[in-house]
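Good morning. I have one chain to show you, and I will spend most of the time on one part of it. Please look at the picture first.

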Amino acid sequence: YWKVVAWFSVIIVYLAIGATIFMAVESPYEHKERREVDRERARARAAIQDITEQLGNITASCGMDVNVSSLVENLTQQAKTLESSKMKDPYWNNYAAAIFFTTTVITTIGYGKIFPSTGSGRILFIFYALIGIPLSLILLTTVGN
């Protein structure tokens with residue numbers, strides 16, 4: 001009984017340490033990536049506004065009766081739909097998600113939606129799995145006995 005508790009405790013500590021390390025390595029990159037995407041979105045919104053104004057000026061000068069606001073609303077809605085599908089949710093600033101990731105690594109489930117994006121995170125992932133998978137197998141063997 002105490003062997004199982006001891007190995008289970010080792011696994012819990014290993015998961016917690018791994019989650020903390022992965023958050024420290026991956027979170028800055030994720031924040032930087034999010035800031036870049038936000039800047040690009042702001043540039044796109046400004047460009048849409050500029051195009052809208054120019055289109056309004058052109059149609060007014062030609063005497064055309066075009067519903068520019070409807071066109072812009074449709075374009076804006078399409079852009080919002082596209083941008084919401086492009087940026088993944090932040091994972092590495094959430095401790096529960098980092099614990100989930102480390103659990104999927106050592107149990108070899110490999111969910112696939114959460115993964116390290118940096119080179120150092122990927123190298124860390126390999127070594128973390130090389131140590132964590134045998135630890136989880138030892139726990140399963142101990143529970144089985």
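**One chain and its third helix**

The protein chain has an accessible surface of about 9800 Å², and 65% of that belongs to carbon and sulfur atoms; areas come from the Shrake-Rupley method with a 1.4 Å probe, and for residues only the protein chains shown count as cover. This is a predicted model: local features need pLDDT of at least 70, side-chain atom pairs count only at pLDDT 80 or more, and totals for chains, interfaces and linings use all residues. Residues are numbered from 1 along each chain as its sequence is written, and side-chain values use heavy atoms, with hydrogens and water left out.

The chain has four helices and zero strands. Helices (H or I, at least four residues) and strands (E, at least two) are DSSP runs, numbered from the N terminus.

Now to α3, residues 95-106. At its N-terminal end N94 acts as a cap, with a side-chain oxygen 3.0 Å from the backbone nitrogen of A96. Just after α3, T108 has a positive phi of about 60°.

Which residues of α3 are buried? They are A97, A98, F101, T102, T104, V105 and I106, where buried means under 20% relative accessible area with a 1.4 Å probe, protein chains only.

What does α3 pack against? Helix α4, residues 119-144, at an angle of about 65° and with the axes 8 Å apart. That makes α3 roughly perpendicular to α4, a term for angles of 65 to 115 degrees. On the α3 side, F101, T102, V105 and I106 make the contact, meaning heavy atoms within 4.5 Å. The α4 side uses F125, Y128, A129, G132, I133 and S136.

Note on methods
Expected span 1.5 Å × (residues − 1). Buried < 20%, exposed > 50% of the residue type's maximum accessible area, 1.4 Å probe, protein only. Polar contact = N/O pair within 3.5 Å; in protein donor to acceptor, adjacent residues only side chain to side chain. Axes fitted to C-alpha atoms, helices over the stretch in contact; angles between N-to-C directions. Parallel < 35°, antiparallel > 145°, perpendicular 65-115°, else oblique.
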